[in-house]
Amino acid sequence: MVRTQIYLTEEERDKLSALVKATGKRQSELIRDAVDMYIDLANGSRRDSILNKAAGMWRDRKDLPDFSSVRLSWDRS
């Protein structure tokens, strides 16, 4: 692990101290958990942005088969 120093407001410090008491976890563990959650959220937002940009990218292509028909041909019924 890498040691990192951060500055908190008094309110943030007080609320973090309350969480330490409530959860029984160390302050450093709670901060790492919060950083991990933020990174996951940011990565999820990035992923969603990429997927949204890709949505419909084949919409105007005329050289592709009708996928609804293709899927129906796969049914075993």
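**Entry 1: a charge and a ring**

I began with R61, whose charged end sits over the ring of W58, 5.5 Å from the ring centre. A reminder to myself before going on: this is a predicted model, and I read every number here as computed from it.

With one ring in hand, I wanted to know how many aromatic pairs a search of the whole structure finds. The search comes back with zero.

**Entry 2: the patch around W58**

I stayed with W58 and looked at what it does on the surface. Together with M57 and F67, W58 forms a nonpolar patch there. The accessible area of these three residues adds up to about 350 Å².

I then took F67 by itself. F67 belongs to helix α3, which covers residues 67–74. Is F67 buried or exposed? Neither word quite fits: its relative accessible area is 36%, and F67 is partly exposed because that value falls between the 20% and 50% limits.

**Entry 3: stepping back to the whole chain**

Next I zoomed out to the fold. I found three helices in the protein chain and zero strands. Read from the N terminus, the order of elements is α-α-α. The radius of gyration is 24 Å, while the globule rule gives 11 Å for 77 residues, so the chain is more spread out than a compact globule.

I also noted the box that the C-alpha atoms fill: roughly 60 × 30 × 25 Å along the principal axes.

How much of the chain counts as buried? I get 3% of the 77 residues. The exposed area of the protein chain is about 7,700 Å², and 54% of it is supplied by carbon and sulfur atoms.

**Entry 4: salt bridges**

I turned to the charged side chains and asked how many salt bridges there are. The count comes to four, and I wrote up three of them, starting with K15 and E11.

K15 bridges to E11, with the closest N and O atoms 2.9 Å apart. Why does this pairing make sense along the helix? K15 and E11 are four residues apart in helix α1 (residues 10–23), so about one helical turn separates them.

Another of the bridges joins the side chains of R13 and D14, at 3.3 Å from N to O. I checked the exposure of both partners. R13 has 42% relative accessibility and counts as partly exposed; D14 is also listed at 42% and counts as partly exposed.

I then looked at D33, which forms a salt bridge with K25; here the closest N and O atoms are 3.3 Å apart. D33 is partly exposed at 28% relative accessibility, and K25 is partly exposed as well, with a relative accessible area of 33%.

**Entry 5: a walk along helix α2**

My last stop was N43, which lies in helix α2, residues 27–54. N43 counts as partly exposed, with 44% relative accessibility.

From N43 I went on to A54 and asked what distance separates their C-alpha atoms. The answer is 17 Å, for two residues 11 apart along the chain.

**Entry 6: what I keep from today**

I keep three things in mind for next time: the charged end of R61 over the ring of W58, the patch made by M57, W58 and F67, and a chain of three helices with zero strands.

Methods: Residues numbered from 1 in each chain as written. Predicted model: local features only at pLDDT ≥ 70, side-chain atom pairs only at ≥ 80, totals over all residues. Heavy atoms only, no water. Phe/Tyr/Trp six-rings, centres within 6.5 Å; stacked < 30°, edge-to-face > 60°. Lys NZ or Arg CZ within 6 Å of the ring centre and 35° of its normal. Patch = residues over 30% accessible without salt bridge, like charges linked within 9 Å, V, L, I, M, F, W, Y side chains within 5 Å. Areas by Shrake-Rupley, 256 points an atom, 1.4 Å probe, with all protein chains shown as cover. Helix = DSSP H or I, 4+ residues; strand = E, 2+ residues; numbered from the N terminus. Buried < 20%, exposed > 50% of the residue type's maximum accessible area, 1.4 Å probe, protein only. Rg over C-alpha atoms; globule rule 2.2 N^0.38 Å.
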